[in-house]
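Open the model in your viewer and keep the selection tool at hand. The stops below are meant to be taken in order.

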Amino acid sequence: MKPKLEVRDLSYSYHELTGETVALSNISFDVRDGEFFVIVGPSGCGKSTLLSLLCGLLEPEEGTILIDGIPRRESRAVIGYMLQRDHLLEWRTILSNVSLGLEIRNSHRRSPDARRGSFFAKRSAIPVSKEEQPHRPGDGSRDSLTAMLRAYGLEAFRDAHPSQLSGGMRQRAALIRTLALKPDILLLDEPFSALDYQTRLEVCDDISSIIKTQKKTAVLITHDLSEAISVADRILVLTSRPGRVRTILEIDFGPDAGRPLKRRNAPEFAAYFNQLWKELKCDETSL
Amino acid sequence: MKHPFDHTPAAAEKCFRGIRPGLGGSAGAARRNAGAGDLSQTASRCPSPRQLAYLEAEHRHRVQVRIIRAMILILFLALWELLSELGIIDSFIFSSPGRILACFLQMAADGSIFLHTGVTLLETLVSFLLTVVIAVAAAVLLWASRSLSEILEPYLVMLNSLPKSAMAPLLIVWLGNSIKTIIAAAVSVAVFGSILTLHTGFMQTDADKIRLITSLGGSRRDVLTKVLIPASVPLIISNMKVNVGLCLVGVIIGEFLSARAGLGYLIIYASQVFKMDLLVMSIVILCLVSTMLYQAISVLEKKAVR
């Protein structure tokens with residue numbers, strides 16, 4: 001089967017007046033359709049740079065990114081991106097927050113010229129797929145948002161403001177905002193790191209289950225090894241700066257140990273943890 | 001006056017929203033919302049003796065502040081009146097509350113004071129609105145273009161630190177002895193600082209919020225309308241508070257130099273003909289006008305920031 005996402009020989013450097021920093025060097029990997037792919041690495045190994053490249057916030061200096069075999073720039077695929085913090089906009093209600101992506105997409109549909117040529121219109125990161133039905137405010141998309149809010153236990157908070165929600169609920173609202181655009185690939189940039197430990201376990205469990213039931217292809221970045229093992233189908237280990245692929249680890253808990261909290265209790269968990277730990281340690285001692 | 005207990009219905013409502021049932025939320029959710037509810041719950045139930053004592057003390061403190069505040073004003077006016085009555089200070093030079101009041105009543109009777117106050121108020125409002133519109137538009141432009149902002153920065157800094165009163169005589173020559181000069185003077189006093197403040201504020205917009213909009217497929221225009229402007233409402237309003245005062249300064253400078261009406265004109269006229277009652281009265285009205293304008297924006301601020 002053709003991989004959903006192919007990354008070939010990707011390199012990227014940051015340029016400043018004081019010099020150049022190589023963030024990523026020769027990164028290659030594939031992500032299969034419907035797979036939960038996790039990238040771990042020591043801090044400063046270019047994890048976030050990699051996600052920015054994947055979702056088009058940055059353009060690669062070298063190498064290619066293919067989605068369904070088509071270069072990312074030309075691909076119509078929608079990529080959803082979840083940031084470290086939820087970034088719900090305080091002045092909007094929850095419903096209006098989760099519909100932000102649709103709102104932006106609609107405004108671009110209504111005035112397609114706004115995307116090109118004008119002073120403000122930088123190329124948008126997510127190409128709009130023309131096959132989809134046009135969304136108008138108040139049509140089915142709003143109903144499906146309400147259905148999602150109900151499914152994820154936020155219906156009562158539709159008209160609440162973000163400050164009235166707990167950290168976990170806010171993160172779920174952020175997930176709905178991302179899923180509302182029906183992304184082909186979900187990129188998660190340490191989406192749980194800003195939460196306290198207990199909430200973090202719960203939200204991680206919640207969100208990874210949601211993603212798995214929806215059979216979304218997801219790429220998660222984290223520095224938390226237990227978290228990585230508890231959700232991943234495969235784990236990519238990056239070396240410290242400049243980031244290179246150290247190894248890719250298959251994680252298999254058997255068919256009936258899906259949920260992250262359950263995985264944490266499985267006997268294989270400790271073995272995977274030690275293996276991952278060793279890979280990361282190896283990197284440190286080789287420096 | 002509002003007693004602390006007046007807040008109870010609102011607090012109870014907030015509390016109700018906090019404990020809405022059937023959310024299926026996590027434990028963290030419940031914990032957090034309970035936190036919001038705690039205060040109001042204690043307030044809506046019968047407060048404990050300690051809480052009552054606290055409210056009582058707080059109430060007493062507020063009353064005290066108000067009384068002393070009023071006393072200072074009354075004592076000051078009484079002393080002033082008394083000293084001039086007794087001839088200890090010369091009321092021809094220092095005026096007196098009674099004479100100021102008489103002057104006001106006389107001008108109120110023929111309506112002239114309302115004309116002068118109205119003119120100053122109108123000029124201030126027009127220049128204030130112009131300043132806000134120009135400053136927001138310019139700050140957005142500077143935000144949108146890094147090159148433009150870097151090119152213009154030293155000029156803006158220079159114009160901002162230039163004492164604008166030095167420009168007023170020039171404006172008279174350019175724009176004539178008219179209301180245009182006054183408004184131009186007022187705008188020039190407020191607008192440059194305002195542009196710089198707003199631009200700095202715009203540049204501090206959370207970079208991740210901009211990434212969010214971009215990741216949702218938005219352009220710079222979306223960043224502007226969905227994040228930058230709404231997030232900057234508090235900044236824009238607090239900047240408006242500064243601007244309204246500065247515009248009033250500009251209007252008075254303008255009226256000093258080129259006007260046939262307005263409080264600034266009255267002040268200059270009164271000093272030239274040595275009518276101290278008129279002069280001091282104009283200043284008192286100016287005090288009231290500036291306080292009123294500031295309060296009006298504070299009301300707007302409360303509405304906008306919720």
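The tour starts with chain A as a whole, moves through one sheet and a helix, and ends in chain B.

**Chain A, overview.** This is a predicted model, so colour chain A by pLDDT before anything else. The mean for chain A is 78, and 85% of its residues reach 70 or more. Now select residues 112–138 of chain A: here the pLDDT is below 50, although the stretch has 48 contacts in the model beyond near neighbours in sequence.

Switch to a cartoon view. Chain A has nine helices and ten strands. Of its 287 residues, 44% are buried. Among contacts in chain A with a separation of 6 or more, 74% are between residues 24 or more positions apart.

**The sheet.** Select β1, β2, β4 and β5 of chain A. In what order do these four strands lie in the sheet? The order is β2-β1-β4-β5, in an open sheet with antiparallel pairing. Strands β2 (19–31) and β5 (70–71) of chain A are at the edges; each has a single partner strand, so one side of each has no neighbour in the sheet.

**β1 and β2.** Select residues 5–16 of chain A, which are β1, and add β2(A). The two strands form a hairpin with two residues between them. Nine bridges hold this antiparallel pair. For a single position, show A:Glu6, which stands opposite A:Asp30 in β2(A).

**β1 and β4.** Keep β1(A) and add residues 62–67 of chain A, which are β4. Five bridges join β1(A) to β4(A), again in antiparallel fashion. Which residue of β4(A) is the bridge partner of A:Arg8? Label A:Thr64 to see the partner.

**β4 and β5.** Continue to the edge strand β5(A). Two bridges link β4(A) to β5(A), and the strands run antiparallel. A:Ile67 has A:Ile70 in β5(A) as its bridge partner.

**The helix across the sheet.** Add residues 47–54 of chain A, helix α1. Helix α1(A) lies across β1, β2 and β4 of chain A. To check its direction, compare the helix axis with β2(A): the angle is about 65°.

**Chain B, helix α10.** Hide chain A and select residues 207–215 of chain B, which form helix α10. Which residues of this helix are buried? They are B:Leu212, B:Ile213, B:Thr214 and B:Ser215. Extend the selection to B:Gly217, just after α10(B), where phi is positive at about 95°. The tour stops there.

Methods
Residues are numbered from 1 along each chain as its sequence is written. Chains are lettered from A and ligands numbered from 1 in the order in which they are written. This is a predicted model: local features need pLDDT of at least 70, side-chain atom pairs count only at pLDDT 80 or more; totals for chains, interfaces and linings use all residues. Two strands pair if DSSP finds at least two bridges between them. Two residues are in contact if their C-beta atoms, placed from the backbone, lie within 7 Å. Axes are lines fitted to C-alpha atoms, for helices over the stretch in contact, and angles run from 0 to 180 degrees between N-to-C directions. A residue is buried if 20 or more other C-beta atoms lie within 10 Å of its own, exposed if 12 or fewer, and partly exposed in between; C-beta atoms are placed from the backbone. pLDDT is the predictor's confidence in each residue, from 0 to 100.
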